[in-house]
Amino acid sequence: MLIIIKIKEARENKGMSLKELADLTGIRRQRLADIENHVVKEDEILFIEMLVIAENLGLSILDLYEVQNIELQ
């Protein structure tokens, strides 16, 4: 299973800058940038961070994830 975090896409669709999201969520801009750019691994992102981000984007937390199945051969 492959999990893709879609914060950047969601944020840009809302016309919001990274700084604006940082100000709304209280999460440091650099931390948000690292999450968006996959510097932070998916399993190192706190649930509360994703919840606060989703809430401030007016989305469900599920909207910030894409799950793809991968086949092992």
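Colleague: What makes histidine 38, the residue after α3, stand out in its phi?

Modeller: In this predicted model, α3 is followed by histidine 38, and its phi is positive, near 60°. Most residues other than glycine have a negative phi. Histidine 38 is not a glycine, yet its phi is about 60°.

Colleague: Why is histidine 38 called partly exposed?

Modeller: Its relative accessibility is 46%. Buried would need under 20% and exposed over 50%, so histidine 38 falls in between and counts as partly exposed. You'll find histidine 38 in the loop between α3 and α4. Glycine 58 is 20 residues from histidine 38 in sequence, and their C-alpha atoms are 22 Å apart.

Colleague: How do you know that arginine 11 is buried?

Modeller: Arginine 11 has a relative accessible area of 7%, and the cut-off for buried is under 20%. Therefore arginine 11 is buried. Arginine 11 sits in helix α1. Leaving out residues up to four places away in sequence, arginine 11 touches Met16, Ser17, Leu18, Leu21, Glu36 and Leu57.

Colleague: What makes arginine 11 and glutamate 36 a salt bridge?

Modeller: Their closest N and O atoms are 2.7 Å apart. The limit is 4 Å between a side-chain nitrogen of Lys or Arg and a carboxyl oxygen of Asp or Glu, so this pair qualifies. The bridge links distant parts of the chain, with arginine 11 in helix α1 and glutamate 36 in helix α3, 25 residues apart. Glutamate 36 has 8% relative accessibility, so glutamate 36 counts as buried too.

Colleague: How many salt bridges are there in the whole structure?

Modeller: Three turn up. Another one pairs glutamate 49 with arginine 31, at 2.9 Å from N to O. That pair also links distant parts of the chain: glutamate 49 belongs to helix α4 and arginine 31 to helix α3, 18 residues apart. Glutamate 49 is at 11% relative accessibility, so it is buried. Then there's aspartate 23 with lysine 19, whose closest N and O atoms are 2.9 Å apart. Both of these lie in helix α2, four residues apart, or about one turn of the helix.

Colleague: Why is aspartate 23 called exposed?

Modeller: Aspartate 23 comes out at 56% relative accessibility. Exposed means over 50%, so aspartate 23 makes the cut.

Colleague: Which residues of α3 are buried?

Modeller: Arg31, Leu32, Ala33, Ile35 and Glu36. The buried residues of α3 pack against β1, α1, α2 and α4.

Colleague: What makes up the largest nonpolar core?

Modeller: It has 19 residues, and those with the most contacts inside it include Leu21, Leu32, Met50 and Leu57. Helices α1, α2, α3 and α4 each supply at least two residues of this core, while α4 gives the most, four residues. Leucine 57 is in contact with Ala10, Arg11, Lys14, Met16, Leu21 and Leu64, leaving aside neighbours within four places in sequence.

Colleague: Which residues form a nonpolar patch on the surface?

Modeller: Leu46, Phe47, Ile48 and Leu51 do, with about 400 Å² of accessible area together. Take leucine 46, in the loop between α3 and α4. Its relative accessible area is 48%. A patch residue needs over 30%, so leucine 46 passes that test, while still being called partly exposed.

Colleague: What is the mean pLDDT of the protein chain?

Modeller: It is 93, and 97% of the residues reach 70 or more. Among the elements, helix α2 has the highest mean pLDDT, 98, and strand β1 the lowest, 88.

Note on methods:
Residues numbered from 1 in each chain as written. Predicted model: local features only at pLDDT ≥ 70, side-chain atom pairs only at ≥ 80, totals over all residues. Heavy atoms only, no water. pLDDT = per-residue confidence, 0-100. Patch = residues over 30% accessible without salt bridge, like charges linked within 9 Å, V, L, I, M, F, W, Y side chains within 5 Å. Areas by Shrake-Rupley, 256 points an atom, 1.4 Å probe, with all protein chains shown as cover. Buried < 20%, exposed > 50% of the residue type's maximum accessible area, 1.4 Å probe, protein only. Core = buried A, V, L, I, M, F, W, Y, C linked by side-chain atoms within 4.5 Å. Contact = heavy atoms within 4.5 Å.
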